[in-house]
Amino acid sequence: MQDRIRLVLIYGSVREERFCDQVVAWAREQIEQRSEFELSLVDPAVMFRQPGEAQELAEQRHQSLQQLLRADAFLIVTPEYNHGYPAALKQFIDEVPASWEARPVGFVSYGGVSGGLRAVEQLRQVLAELHAMTVRSSVCFTNAWEQFDEQGQLSEPRHANSALAHTLVQLNWWAQTLRAGRERVPYERIRGRNTVARMQSGSFSGHPRVAFGLRDWRRVGRVQPARSIWRFSPALRHCPFLERESEQISRGSSAAARMGSWPLSSPRACRAPRPRRRYRLRRGWR
């Protein structure tokens with residue numbers, strides 16, 4: 001039996017008497033009804049050391065750190081403050097170590113007229129820099145204080161429950177897919193700013209030669225139609241793009257190769273067509 005997805009539910013607000021507690025309680029109730037998730041809660045309010053804090057907070061912080069490092073997926077419940085996400089949430093993302101890389105992230109937002117969507121769109125840009133995968137579906141509560149009663153229950157839960165269920169389905173699919181990909185090829189092997197430079201220089205994964213530069217694309221398209229592309233490292237041989245590219249090149253005729261046919265997604269194929277030159281002859285322009 002496959003292990004369950006370790007989902008971490010993150011509070012987005014640290015204010016006293018925060019409304020975020022009601023939204024998190026609702027999301028927690030919905031997630032616990034699904035058997036494919038192993039749920040953990042992380043509160044940024046306890047993730048930073050305070051002078052004179054109790055020993056219980058230190059133990060809770062250590063436990064939360066372990067949950068963040070072991071997570072397969074994240075679900076952030078965030079409000080919208082002044083057309084943006086809270087500063088405490090940004091500090092939490094920047095300073096607290098978590099395994100964001102190659103993990104899916106979902107959102108539950110609440111606010112005024114926009115329902116917190118502006119905060120979510122800004123968070124997508126921040127998490128993209130951390131190599132996280134944000135799912136498209138999300139849950140937003142417009143004028144959230146009017147949708148929850150005094151007991152913290154939704155007055156009309158059908159739409160919100162359906163939106164959260166759709167988000168959880170996407171989180172589950174992405175978490176399983178990315179976990180299988182990390183087990184097959186560790187993400188550390190393809191992460192970093194110098195990855196493309198290492199591939200062009202041939203120092204990627206210890207291989208003496210990697211066909212990835214512009215000149216190698218020219219070699220793939222003309223001289224060696226189906227061989228150079230498999231000089232990639234084992235980390236890239238299973239890439240679906242490369243498999244499709246190799247099949248396309250292999251099916252090409254030798255005549256097309258001699259004429260200089262290029263792969264569909266090669267750099268030369270992506271260029272705009274050059275304007276047709278006109279030469280002035282004795283009898284006018286042609």
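**Figure 1. C20 and C140, two cysteines in a predicted model**. C20 is buried, because its relative accessibility is 0%. C140 counts as partly exposed, because its relative accessibility is 32%. A disulfide is a covalent bond between the sulfur atoms of two cysteines. How many disulfides does a search of the whole structure find? The search finds 0. C20 is also one of the residues in contact with V77.

**Figure 2. The largest nonpolar core**. In soluble globular proteins, nonpolar side chains tend to be buried together. Here the largest such core has 28 residues. Which of them have the most contacts inside the core? They are L7, W26, L75, V77, V108, F141 and L164. Six elements are listed as giving two or more residues to this core: the strands β1 (5-11), β3 (73-79), β4 (104-111) and β6 (139-142), and the helices α1 (20-31) and α6 (157-184). A second core is separate and has 24 residues. M47, I93, A119 and V120 are among them.

**Figure 3. The surroundings of V77**. V77 is listed with the residues that have the most contacts inside the largest nonpolar core. What does V77 touch, leaving aside neighbours within four places in sequence? Its contacts include L9, I10, Y11 and G12. C20, V23 and V24 are in contact with V77 as well. V108 and Y110 complete the set.

**Figure 4. The ring pair of F19 and Y110**. A search of the whole structure finds 6 aromatic pairs. F19 and Y110 form one of them, a tilted pair. The ring centres are 5.6 Å apart, with 55° between the planes. This pair links distant parts of the chain. F19 is in the loop between β1 and α1, and Y110 is in strand β4. The two residues lie 91 apart in sequence. Are the partners buried or partly exposed? F19 counts as partly exposed, because its relative accessibility is 21% and the cut-off for buried is under 20%. Y110 is buried, because its relative accessible area is 6%.

**Figure 5. The ring pair of W26 and F141**. The planes of these rings stand at 85°, so the pair is edge-to-face. Their centres are 5.2 Å apart. W26 belongs to helix α1 and F141 to strand β6, and 115 residues separate them in sequence. W26 and F141 are both buried. Both are also listed with the residues that have the most contacts inside the largest nonpolar core. Ring pairs link F19, W26, Y110, F141 and F148 into a cluster.

**Figure 6. R15 over the ring of Y81**. The charged end of R15 sits over this ring. Its distance from the ring centre is 3.8 Å.

**Figure 7. Q170 and its partner S137**. Q170 is in helix α6. Its side chain joins that of S137 through a polar contact of 2.9 Å. Which residues does Q170 touch, not counting those up to four places away in sequence? They are V135, R136 and S137.

**Figure 8. Y85 in the loop between β3 and α3**. Y85 counts as buried, because its relative accessibility is 17%. T78, P79 and K90 are among the residues that Y85 touches, with neighbours up to four places away in sequence left out. A119, Q122, L123 and V126 belong to that list too. One of these, A119, is also part of the second core. Y85 and G12 are 73 residues apart in sequence. In space, their C-alpha atoms are 8.0 Å apart.

**Figure 9. H83 and N143, two residues with a positive phi**. Most residues other than glycine have a negative phi. H83 is not a glycine, yet its phi is about 65°. H83 lies in the loop between β3 and α3 (87-95). N143 has a phi of about 50°, and N143 is not a glycine either. Its place is in the loop between β6 and α5 (144-147). N143 counts as partly exposed, because its relative accessibility is 24%.

**Figure 10. The whole protein, for orientation**. The protein has 10 helices and 8 strands. Of its 286 residues, 41% count as buried. Among contacts between residues at least 6 apart in sequence, 72% join residues at least 24 apart.

Note on methods
Residues numbered from 1 in each chain as written. Predicted model: local features only at pLDDT ≥ 70, side-chain atom pairs only at ≥ 80, totals over all residues. Heavy atoms only, no water. Core = buried A, V, L, I, M, F, W, Y, C linked by side-chain atoms within 4.5 Å. Buried < 20%, exposed > 50% of the residue type's maximum accessible area, 1.4 Å probe, protein only. Helix = DSSP H or I, 4+ residues; strand = E, 2+ residues; numbered from the N terminus. Contact = heavy atoms within 4.5 Å. Disulfide = S-S within 2.5 Å. Phe/Tyr/Trp six-rings, centres within 6.5 Å; stacked < 30°, edge-to-face > 60°. Lys NZ or Arg CZ within 6 Å of the ring centre and 35° of its normal. Polar contact = N/O pair within 3.5 Å; in protein donor to acceptor, adjacent residues only side chain to side chain.
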